[in-house]
Amino acid sequence: MIFSKKKYDYEESAKKLSVLFANNFPSNEFHRNLLKFLCETTDSVGAALVLKEKETFTVRHCLGWESFSFRMEECVGMIQWLKKNKGTITRLQLLEESRWAPIKKMGLNFFIQFQAEACLPLFVGEEMLGFVTLSQKREGRPFTAACRQILDWLGPQLAMSLNNSLLWEKIRYQNVELAKVNDLKSQIVANLSHELKTPLTAVIGFAELLAEGVDGELNGEQKKHITQVLDGSNRLLKILTALVDLAKLEAGNFPLNIQQFHLAPLVTSLSDELPLNRDTALQIEIDSDTPRIYGDLGLVRQIFRHLLDNAAKYTPGGSVKVSASKKGEVLEICVADTGIGIGPEKMPRIFDDFYQADGGITRRFEGSGLGLTLSKKWVELHGGRLWAKSQLGKGSQFYFTLPLKPIVIKHRELAA
Ligand code: ADP
């Protein structure tokens, strides 16, 4: 039979390739399209995509025949050789060209296993991702040098996009796994914290009774020790409560009890409990005509308490100022201090869970690194925003907004 030599249209192939790459197919569909494209380009009746997985090679997709398995141990030599040669090889070359004589036997064995006429190895840089085998052409046409040439031209481009699709698949899988681990972590933290809180509350209760002298008058040493027990237990309780709150927020289980209230009395009531340094002054600059805000009173109290506690903690001497101003439909509140400030390299992380700018075992300040995380999430539950500005050695300003109209609080039921 005499066949006219087929001319390959590189421009047309490039166009088809760009369509193939433009679509972010899930990998199965991408593999099928890739094989279909190669079969159409070379006129082959079937193809198989074999990819490296861990230390072995597996058939990932077949076109034109059922998926099959092959004896890997019989292909090792040929795969080694493909790694060295890097280009397309055909069964005809093995039969007709003397330069392939050294690998003829194992090569033919390889082609028989894959029922293939040609093999295109897929490389990204020096790494071989796998290979595509192509079975016979329609009407038994041979795989010519021109056909090998276009396959070698297509190979690196296909390998690159295949690599992207494999990475995409891997990232998607890892994201699902990470989400599962994160859910499990939240669940464990929530359960454990809850279980720890019950006995701790009992410890605190009994320690308070002892401190009050209910079971008999305590001497000086005993009072000192029971005070230490109480301080430590209360700190622990604060951390456990923060962990439970974080787990509840992550589970999307944090109902708000919204009401309308004035900020000034709330902040004033907190100022009495504020552990300010002797040399630090507190200024509350909230005008009496500042409009009332909508929010969950208990949570807004916690947000203020946390920002004020931080301002007091990180200001050895100077001032802490609370101010508020109306900005459109929200009230913008600022808690500013003239304390130690935060370096610019640490600023992007201060709202991360458990982050402490002054971290490590040598840290000077107590804390859990959860206060800002929780405060930010609580503000956001109210439809607001929390952000910070700071200058190392000069002080920090924490701003947040709360709604002046109930409409801003999304998906939450308003208390009457
Ligand atoms: P912590 O319990 O450690 O205070 P936070 O989540 O409240 O945790 O804050 C995270 C980190 O941000 C703190 O460890 C601290 O380094 C820094 N930070 C927060 N508020 C201030 C502030 N007013 N001045 C200086 N640093 C602050």
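Q: Which of the 21 residues around the ligand come nearest?
A: In this predicted model, the residues that come nearest to the ligand, out of the 21 around it, are H306, N310, D337, Q356 and L372.

Q: What makes the pair formed by H306 and the ligand a polar contact?
A: A polar side-chain atom of H306 lies 2.6 Å from an oxygen atom of the ligand, and because a polar contact is a pair of N or O atoms within 3.5 Å, this pair counts as one.

Q: Why do G369 and S396 also count as making polar contacts with the ligand?
A: For G369, a polar backbone atom is 3.1 Å from an oxygen atom of the ligand, while for S396 a polar side-chain atom lies 3.4 Å from a nitrogen atom of the ligand; both pairs therefore meet the cut-off of 3.5 Å. Taken alone, the ligand exposes 520 Å², and the protein buries 97% of that.

Q: Where does the ligand sit, and which element gives the most to the shell around it?
A: The ligand sits in the largest pocket, and α9 gives the most to the shell, with four residues. Helix α9 (297-313), α10 (371-381) and β12 (395-403) each supply at least two residues of this shell, whose members divide into nine nonpolar, nine polar and three charged.

Q: Why is V244, in helix α7, called buried?
A: V244, which lies in helix α7 (residues 220-250), has a relative accessible area of 15%, and because buried means under 20%, V244 is called buried.

Definitions and conventions
Residues numbered from 1 in each chain as written. Predicted model: local features only at pLDDT ≥ 70, side-chain atom pairs only at ≥ 80, totals over all residues. Heavy atoms only, no water. Near = heavy atom within 4 Å. Polar contact = N/O pair within 3.5 Å; in protein donor to acceptor, adjacent residues only side chain to side chain. Areas by Shrake-Rupley, 256 points an atom, 1.4 Å probe, with all protein chains shown as cover. 1 Å grid on protein atoms, 1.4 Å probe; cavity = no way out; pocket = protein on both sides within 12 Å on 5 of 7 lines; lining within 4 Å. Sits in = over half its atoms within 2 Å of the grid points. Nonpolar A, V, L, I, M, F, W, Y, C, P; charged D, E, K, R; others polar. Buried < 20%, exposed > 50% of the residue type's maximum accessible area, 1.4 Å probe, protein only.
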